[in-house]
Amino acid sequence: MNRKRIIVGVTGASGAPLALSVLRALRAQGVEIHLVLSEGFKRMLREESDIRPEKLAALADAVYMEDDLGARISSGSFVTDGMVVVPCSMKTLSAIANAYDENLIVRAADVCLKEGRRVVLVPRETPLSRAHLRNMLRAAEDGCAIVPPMLSFYAGEENLRAQIEQVTGKILLQFGLLHPEMQVWGEPKREL
């Protein structure tokens with residue numbers, strides 16, 4: 001497998017622009033994308049965003065239904081470079097942290113973890129309860145990278161798009177990919 005292959009799960013937390021940015025950045029780098037959109041995410045889109053599910057699906061090489069536990073990404077024999085869940089709802093975080101494979105997103109993450117592959121969770125909630133923090137710790141102890149979409153003031157980002165691109169860059173770094181729109185510490189300021 002020469003081309004990177006990454007599973008992208010998108011769950012019901014707010015953050016559609018971030019999911020779209022990550023998908024675009026992966027596509028631009030030639031990554032083979034396997035996408036699962038949760039029903040909660042689709043519902044959230046109708047309520048919070050003008051982004052349509054089809055826009056995200058068009059960026060993927062393969063799209064799966066959340067309830068398709070027989071999909072190829074649910075098997076360890078389907079080799080990937082890992083998975084990112086962006087945004088990651090607290091429900092999905094809890095399910096991943098506790099290996100409660102109720103849907104394809106959680107099952108695919110569980111498979112990646114058992115096979116020693118990278119799993120990046122981008123939790124989108126604030127403030128965080130003790131239960132949220134316990135689940136993040138448990139997921140991290142099991143091998144997940146926790147990359148909350150934090151503002152990055154050191155990069156001097158002054159608008160929402162630039163902040164989204166900075167977070168996208170942090171996510172891609174977890175897979176050894178450098179996002180050209182990310183401000184790297186110590187390098188000259190780039191213009192968007």
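I call a crossing left-handed if the near helix is turned anticlockwise from the far one by less than a right angle, and right-handed if it is turned clockwise. I note at the outset that I am working on a predicted model.

**Entry 1: helix α4 against helix α6**

With that convention in hand, I looked up how α4 passes α6, and the crossing is left-handed. The axes of α4 (residues 90–97) and α6 (residues 130–141) come within 9 Å and cross at roughly 45°. I therefore enter α4 as oblique to α6, since an angle counts as roughly parallel under 35 degrees and as roughly perpendicular from 65 to 115. For the contact itself I listed Met90, Leu93, Ser94 and Ala97 on the α4 side, and His132, Asn135, Met136, Arg138 and Ala139 on the α6 side. Before leaving this pair I recalled that an α-helix has 3.6 residues a turn, so residues three or four places apart point the same way.

I then followed His132, which sits in helix α6, and asked whether His132 is buried or exposed. Its relative accessibility is 17%, so I count His132 as buried. Setting aside residues up to four places away in sequence, I found His132 touching Met90, Leu93, Glu125 and Pro127.

**Entry 2: helix α1 against helix α7**

I turned next to α1 and α7, which pack at an angle of about 55° with their axes 9 Å apart. That angle makes α1 oblique to α7, and here I recorded a right-handed crossing. From α1 I noted Pro17, Leu18, Ser21, Val22, Ala25 and Leu26, which meet Ile164, Glu165, Val167, Thr168, Ile171 and Leu172 of α7.

While on α7 (residues 160–173) I checked Lys170, which is found in this helix. The UniProt record, an unreviewed entry, places the feature "binding site" at Tyr154 and Lys170, and I keep in mind that such annotations may be inferred rather than shown by experiment. I computed a relative accessible area of 33% for Lys170, so I enter this residue as partly exposed.

**Entry 3: Thr11 and what surrounds it**

I looked up Thr11 in the loop between β1 (5–10) and α1 (16–28). Its relative accessible area is 1%, and Thr11 is therefore buried. Which residues does Thr11 touch, not counting residues up to four places away in sequence? I listed Ser38, Phe41, Val85, Pro87, Cys88, Ser89, Thr92 and Ile105. For Ser89 I also have a distance, as its backbone nitrogen lies 2.7 Å from a polar atom of the Thr11 side chain.

**Entry 4: two cis peptide bonds**

Pro87, one of the residues that Thr11 touches, made me check the backbone there, and I found a cis peptide bond joining Val86 and Pro87, with omega about -15°. I place Pro87 in strand β4 (residues 82–88). A cis peptide bond also joins Thr126 and Pro127, where omega is about -10°. I located Pro127 in the loop between β5 (118–123) and α6, and I had already met Pro127 among the residues touched by His132.

**Entry 5: helix α5 and the loop before it**

How many of the 11 residues of α5 (residues 104–114) are buried? I counted 8, so I describe this helix as largely enclosed by the rest of the structure. I wrote down the buried residues as Leu104, Ile105, Val106, Ala108, Ala109, Val111, Cys112 and Leu113. At the N-terminal end of α5, I found Asn103 acting as the cap, with a side-chain oxygen 3.0 Å from the backbone nitrogen of Ile105. After α5 comes Gly116, whose phi is positive, near 75°.

In the loop between α4 and α5 I looked at Ala99, where phi is near 50°, a positive value in a residue other than glycine. With a relative accessibility of 43%, Ala99 counts as partly exposed.

**Entry 6: Ile96**

My last look was at Ile96 in helix α4, which has a relative accessible area of 6% and is therefore buried. Leaving aside neighbours within four places in sequence, I found Ile96 in contact with Val85, Val106, Ala109, Leu113, Leu121 and Cys144. I also looked up Met182, which is 86 residues from Ile96 along the chain, and their C-alpha atoms are separated by 28 Å.

Note on methods. Residues are numbered from 1 along each chain as its sequence is written. This is a predicted model: local features need pLDDT of at least 70, side-chain atom pairs count only at pLDDT 80 or more; totals for chains, interfaces and linings use all residues. Side-chain values use heavy atoms; hydrogens and water are left out. Helices (H or I, at least four residues) and strands (E, at least two) are DSSP runs, numbered from the N terminus. Buried means under 20% relative accessible area, exposed over 50%, partly exposed in between (1.4 Å probe, protein chains only). A polar contact is a pair of N or O atoms within 3.5 Å; within protein, one must be able to donate a hydrogen and the other to accept it, and residues adjacent in sequence count only if both atoms are side-chain atoms. Contact means heavy atoms within 4.5 Å. Axes are lines fitted to C-alpha atoms, for helices over the stretch in contact, and angles run from 0 to 180 degrees between N-to-C directions. Angles under 35 degrees count as roughly parallel, over 145 as roughly antiparallel, 65 to 115 as roughly perpendicular and the rest as oblique.
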